[in-house]
Amino acid sequence: MNVRLRSWPMIIILGSLLVAAANVAAMDLMRPYDPVIVQGKHLPTFLSADTSRIFVYAYKNNAWSQIPFQIDEVDGGGYFATHNAHLDTTDEICFMAADMGDSAADNQWIPNYSSMLYQRYQVCATDTSETPA
């Protein structure tokens, strides 16, 4: 899967910071159970953020829902079970492609007023097994 980031709309939420998983045709993915992996280096405003304050949401049917995800601590090319509790450039945020939703507009937020005070990202994934991708 290729991952594209936009610094508007949403998919993963940091406490009040949000990252939103979106894919215009998520239901049409031929590989829905593939993981979508976003490296910390692609979320510059989240670097050094407390990983316990990061959440991932999907926008489906005009509603937000939190989706399952994990954050993997990656150091020196290896994965470690013990997190340092802060997002680093090499850490990975992972969730399933099948859980992704629709693209959200700039003015569509989760129902949490304080989330509007922080940066958010929208993640778009494409199925690289299709031609053209």
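Confidence in this predicted model varies a lot along the protein chain: strand β2 (residues 11-14) sits at the bottom with a mean pLDDT of 40, while β9 comes out highest at 91. Over residues 5-18 the pLDDT is below 50, yet beyond near neighbours in sequence this stretch still has 92 contacts in the model. Don't lean on those contacts too hard, because predicted coordinates should not be read in detail where pLDDT is low. Taking the whole protein chain, the mean pLDDT is 76, and 68% of the residues reach 70 or more.

So much for trust; now the layout. What does the protein chain use for secondary structure? There are 10 strands and zero helices, so reading from the N terminus you simply go β-β-β-β-β-β-β-β-β-β. Contacts reach far along the sequence: if you take those in the protein chain with a separation of 6 or more, 76% link residues 24 or more positions apart. Of the 133 residues, 41% count as buried. The surface that the protein chain exposes is about 7000 Å², with carbon and sulfur atoms supplying 53% of it.

A good place to zoom in is β7, residues 70-75, which has pairing partners in β8 and β9. With strand β9 (residues 92-96) it pairs in the antiparallel sense over three bridges, and within that pairing Ile71 stands opposite Ile93. With strand β8 (residues 78-80), β7 also runs antiparallel, again joined by three bridges; here Glu73 has Phe80 as its bridge partner. β7 and β8 make a hairpin with two residues between them, and Gly76 in the turn has a positive phi of about 60°.

Positive phi turns up outside glycine too. Most residues other than glycine have a negative phi, which makes the next two worth a look. Asn61 has a positive phi of about 50° and is found in the loop between β5 and β6 (63-66). Is Asn61 buried or exposed? With a relative accessible area of 73%, Asn61 is exposed. Ala85 has a phi near 70°, also positive, and belongs to the loop between β8 and β9. Its relative accessibility is 31%, so Ala85 counts as partly exposed.

Next, the rings. The structure holds two aromatic pairs. One of them brings Phe46 and Tyr121 together edge-to-face, with 5.0 Å centre to centre and 90° between the planes. Why does this pair tie together parts that are distant in sequence? Phe46 lies in the loop between β4 (35-39) and β5 (54-60), whereas Tyr121 is in strand β10 (residues 120-126), so the pair links parts 75 residues apart in sequence. Phe46 is buried, at a relative accessible area of 0%, and Tyr121 is buried as well, at 5%. Tyr59 and Trp64 also pair: their ring centres are 4.9 Å apart and their planes meet at 50°, so this pair is tilted. Tyr59 and Trp64 are both buried.

One more ring deserves a stop on the tour. Which charged residue sits over the ring of Trp109? That is Arg120, whose charged end is 3.3 Å from the ring centre. If you're scrolling along the sequence, Arg120 comes right at the start of β10, the strand given as residues 120-126, which also holds Tyr121.

Note on methods:
Residues numbered from 1 in each chain as written. Predicted model: local features only at pLDDT ≥ 70, side-chain atom pairs only at ≥ 80, totals over all residues. Heavy atoms only, no water. Helix = DSSP H or I, 4+ residues; strand = E, 2+ residues; numbered from the N terminus. Buried < 20%, exposed > 50% of the residue type's maximum accessible area, 1.4 Å probe, protein only. Contact = heavy atoms within 4.5 Å. Areas by Shrake-Rupley, 256 points an atom, 1.4 Å probe, with all protein chains shown as cover. Pairing = 2+ DSSP bridges. pLDDT = per-residue confidence, 0-100. Phe/Tyr/Trp six-rings, centres within 6.5 Å; stacked < 30°, edge-to-face > 60°. Lys NZ or Arg CZ within 6 Å of the ring centre and 35° of its normal.
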